[in-house]
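Q: Could you take me through one part of this model up close, the strands and how they pair? I'd also like to hear about any odd backbone spots and the cysteines along the way.

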Amino acid sequence: MTIRRTISISTLPAGPLPPNTFEGCVSPPLSVSPLAYWTARPEKYLLDPAGLSPVVLTTNTSRDQEVSTYARKGIALLRLVDGKAVYFEHNADSGAGMLDIGILAGWETGHALRASGTYTSLYRNDRLTETAPGYSSGDTTGLALTFGVEGFDVYARCNGVEFARFKTLLHLAPGAVALLSSGNAGYGFRDIEIVLRDDAKIFSDTPNRSFDLRDFGLSGASGSGSISMDAPDVLVMSGAVPFAVGDTIIVEIGGEAGGGARGATGVGGTWPALSYDNAEAMTADASQPDKTWAWRRDTGGVSRFVSGVWTPVDPSNWYVAVVWPKALVAKIIAIDGQRARLDSAARAATRDARVYFDNWPLFDALCGERTSGFFSLTPPDVELVFPAGAFAFSASANIFSKIDWRVRGQGRERTTIFSPRGAPSQQMRFHQCSSTTEKPAASAFSLHGNARFAGFALNMTETSDGRGQAYPCGVSMSRCTGLVVRDVLVRDSFQGAVSAERSTDCWAYNCACVMTEGLKRYIQWQFQWSDCTRGGFVDCSVTSPILTAGFEIFRSTGTSMTRPVGINATLSANSSGAWLIDEPSVAIEANSQLDTLSFSERNPIVNVN
């Protein structure tokens, strides 16, 4: 049942108020003061003269709630329970107006504003006059701010118009609403309305910390569309636009004149971005930063600028030696019928290209590198659930610095995480994570990269080296302890379909790597434990139409591979101790060598060195 608490400060007489004046709220002795500092006529403000207690604190609690009021300088606490809350701090004296939203922990009453607890910011806006419609830090007549939480959403409105919204799982417990002021008469609260709502329906099982990613915006939406160079920032869909304003989308390569082939320009441009007409034009430019990559439009060949000299890339470095096309990743800023306006312009026209909703931003906001800064707030033992469907990502799905976090799908055949053609080949990377349970960190899904002869894309910048992490893995564990990957299928990964690096006691069970075309050159092994202590992989397989590097234990101790199955895939134990290869099965098919660059005929089937 929805509960409303309306406190009409404007109708109260000026002067002191006794404690607990308002229904359903706890409050200390308060006062009502009329002031005209920032309004055309005097307005009445409610404040705690001592500035040490909440002006109001609701006796009822809820998970979903909001408060509407105005204080020139004050803090609203939502879901306040056991000293923890979602805080909204407003300060109109700070330049163009400031709003800071985050998590407060360890708060206790009886202290001056911000003198108790630890405030961890999740969102900060220092330009409210420019970004919040109707906001003014001067004349504030009639101005009201609304702060709310609903499920995983945190939002703010100005005069009823929303200007901020984001999602978080850091604090979901039901709690009270409290308003804090500084004790200065000019910084009290005007009319207050508090709404305590029934919980909105969600897919997640929050008591068990199982979070369905649909609650955070996960979507398998897709369609087809075209872009002309007459309007390179307008995507015309073949039917209704299946996306919303603010969504990030991926326009796949393949619909351009070059067909998405290596050596052509993609709808999102090329890697490298810099190009010259010919060798003479390239040589004449000595102004680029050291290690810059560029390509020649007359040949498609790539060179690198090192120590003042442009040097062509060795053709054996196949994926880097020739320019390759990129997908377009852009945000929708307007929709008109079947036309979606984008914040980034296409670099080449495309026709009937596949277009996908980009799930990377929402996943990264939950568990990417930025979240590692909130280590003390991050709950342990969290499960992120992918429903059935296929979900596109424009970049690596990273899980950084988490304890007992898990990613689970609905089965290999039902849940697919993939990279569209021209987006960096998909990987799921666990970094500095640990597990104290036997629950798998990754399970029951397929992950599809694009390590094929056309349509591939690497993790390359304009100056980065073309090795190591430039070639995306599948599911990787780096500097991790105790993680398990179970029942995962990885298709078309450049290396490390499932891998562990500098990790301890990490395992893979019943996982498979399937290559559609294989690799044009040796990069690394598809199941690889390197610089590890113990751990390994059990009942895992690599299947490739051409010979490839399959399984390796490298520079590790006590690591094992049990019942590995390779179809045109070999095994290796290199620079390791106390290793075990138990019951391997390898089948080499006739005529399965593509060429010496891809796999040398001198390689052994089982390489121990």
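**A close look at the strands**

A: Let's start with an open sheet: four strands with mixed pairing, lined up in the order 22-23-24-25. Strand 22 (275-276) and strand 25 (309-312) sit at the edges, and each pairs on one side only. Keep in mind that this is a predicted model.

Within that sheet, strand 24 (residues 302-306) and strand 25 run antiparallel and are joined by four bridges. If you want a pair to click on, go to Phe-305, whose bridge partner in strand 25 is Trp-310. As background, strands of a sheet pair through backbone hydrogen bonds, either parallel or antiparallel.

Now walk back from strand 22 and you hit something odd. The peptide bond from Trp-271 to Pro-272 is cis, with omega near -5°. Pro-272 belongs to the loop between strand 21 (270-271) and strand 22, and strand 22 is one of the edge strands we just met.

Next, have a look at strand 27 (residues 328-336). Strand 20 (residues 248-251) runs antiparallel to strand 27, with four bridges joining the two; Thr-248, for instance, has Lys-331 in strand 27 as its bridge partner. Strand 27 is also joined by four bridges to strand 28 (residues 339-342), again antiparallel. There, Ala-334 stands opposite Arg-341 of strand 28. Strands 27 and 28 make a hairpin with two residues between them, and Gly-337 in the turn has a positive phi of about 65°.

That's a glycine, but there are positive phi values in other residues too. Most residues other than glycine have a negative phi, and most peptide bonds are trans. Asn-20 has a positive phi of about 55° without being a glycine. Find Asn-20 in the loop between strand 2 (15-17) and strand 3 (25-26), where its relative accessible area of 47% makes it partly exposed. Asp-531 also has a positive phi, near 55°. Asp-531 lies in the loop between strand 42 (527-530) and strand 43 (536-538), and is partly exposed at 27% relative accessible area.

On to the cysteines: a search of the whole structure turns up zero disulfides. Take Cys-506: the closest cysteine sulfur, in Cys-480, is 5.6 Å from its own sulfur, so that pair is too far apart for a bond. Cys-506 counts as buried, because its relative accessibility is 1%. Cys-25 counts as buried as well, at 6% relative accessibility.

Technical notes: Residues are numbered from 1 along each chain as its sequence is written. This is a predicted model: local features need pLDDT of at least 70, side-chain atom pairs count only at pLDDT 80 or more; totals for chains, interfaces and linings use all residues. Side-chain values use heavy atoms; hydrogens and water are left out. Two strands pair if DSSP finds at least two bridges between them. A disulfide is a pair of cysteine sulfur atoms within 2.5 Å. Buried means under 20% relative accessible area, exposed over 50%, partly exposed in between (1.4 Å probe, protein chains only).
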